[in-house]
Amino acid sequence: MIMEQIYHLYITHKCGHNCPLCCNRLYDIDKLPVITVEDLKQAHTVCLTGGDPFYLLREELISIVDRLRIHYKNIQKIYIYTSGKMLWIEGAYSHWHELMQAVSGINTWCGYDAHELIKKD
């Protein structure tokens, strides 16, 4: 049985929250291994994390997802890990439709289904 390769890409330190359930509390960020191009060529699933990826400009985040899709055809799933707080700012979710089409899911610690929230617009 071949195991699907899952990689977490820490794409930003930016975050304005101190979430009690933040996964970053589980490890020393300065000691995380660096992911190589060869790793990405083997990846089945990539999880974008950080701080909070939604603190990046919308265009930056979409660009990262698009580049992964274009340059690494082997990647079948892309997820974004977030507190979700940036999605709930009034009106902010209306700007994320394009991103929602490009990712497999958005995992939030607050328990909301980000796909359903964004589809409301």
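This is a short walk through one predicted model, from its overall fold to its central strand pairings and its pockets.

Hi everyone, and thanks for making room for me today. Please keep in mind as we go that the structure on the screen is a prediction.

Let's begin with the chain as a whole. The protein chain has 121 residues, and 36% of them count as buried. Its secondary structure comes to four helices and four strands. If you follow the sequence from start to end, the pattern reads β-α-β-α-β-α-β-α.

Now to strand β2, which will be our anchor for the next few minutes. How many residues of β2 are buried? Six of its six, so I am happy to call this strand mostly covered. The side chains go two ways here: T45, C47 and T49 point to one side of β2, while V46, L48 and G50 point to the other, and all of them are buried. Take C47 as an example, with a relative accessible area of 3%. Because the cut-off for buried is under 20%, C47 falls in that class.

Who are the partners of β2? On one hand there is β1, which pairs with β2 in the parallel sense over six bridges. If you want to find this pairing on the screen, look for I6, which stands opposite T45 in β2. Further along, Y10 has T49 as its bridge partner in β2. The other partner is β3, which runs parallel to β2 and is joined to it by four bridges. T45 turns up again here, with K77 as its bridge partner in β3.

What about the connections? From β2, the chain crosses through helix α2, residues 58-71, to reach β3, and this β-α-β crossover is right-handed. There is also a right-handed β-α-β unit made by β1, helix α1 (residues 37-42) and β2.

A few individual residues are worth a click while we are in this area. L56 is found in the loop between β2 and α2. Is L56 buried or exposed? It is buried, with a relative accessible area of 11%. From L56 to I11 there are 45 residues in sequence, but the C-alpha atoms are 9.1 Å apart in space.

Next, H71, which lies in helix α2. H71 has a relative accessible area of 57%, and it counts as exposed because that class begins over 50%. H71 and L40 are 31 residues apart in sequence, with a C-alpha to C-alpha distance of 9.4 Å.

And then E98, whose place is in helix α3, residues 97-102. With 47% relative accessibility, E98 is partly exposed. Its C-alpha is 9.6 Å from that of R58, and the two are 40 residues apart in sequence.

On to the pockets, which I suspect is what some of you came for. The general idea is simple: a probe the size of a water molecule, rolled over the atoms, shows where empty space is left.

The largest pocket holds about 380 Å³ of space. It is lined by 21 residues, and the closest to its centre are C19, C22, C23, N24 and G51. Three strands each supply at least two residues of this lining: β2 (45-50), β3 (77-82) and β4 (105-108). What is the make-up of the lining? Eight residues are nonpolar, eleven are polar and two are charged.

The second largest pocket has a volume of about 250 Å³. Its lining consists of H8, L9, Y10, I11, Y27, I29, L32, P33, I35 and T49. Strand β1, residues 6-12, gives the most to this lining, with four residues. By class, the lining has eight nonpolar residues, two polar and no charged ones. You have met Y10 and T49 already, as bridge partners, and both are in this lining.

One last item, on the cysteines. A disulfide, as you know, is a covalent bond between the sulfur atoms of two cysteines. How many disulfides does a search of the whole structure find? Zero. As for exposure, C15 is partly exposed, with a relative accessible area of 36%, whereas C47 is buried.

That's my tour, and I'm glad to take questions.

Technical notes. Residues numbered from 1 in each chain as written. Predicted model: local features only at pLDDT ≥ 70, side-chain atom pairs only at ≥ 80, totals over all residues. Heavy atoms only, no water. 1 Å grid on protein atoms, 1.4 Å probe; cavity = no way out; pocket = protein on both sides within 12 Å on 5 of 7 lines; lining within 4 Å. Points joined across faces, edges and corners; volume = space filled by probe spheres on them. Nonpolar A, V, L, I, M, F, W, Y, C, P; charged D, E, K, R; others polar. Disulfide = S-S within 2.5 Å. Buried < 20%, exposed > 50% of the residue type's maximum accessible area, 1.4 Å probe, protein only. Pairing = 2+ DSSP bridges. Right-handed = clockwise from strand over helix to strand, strands pointing away.
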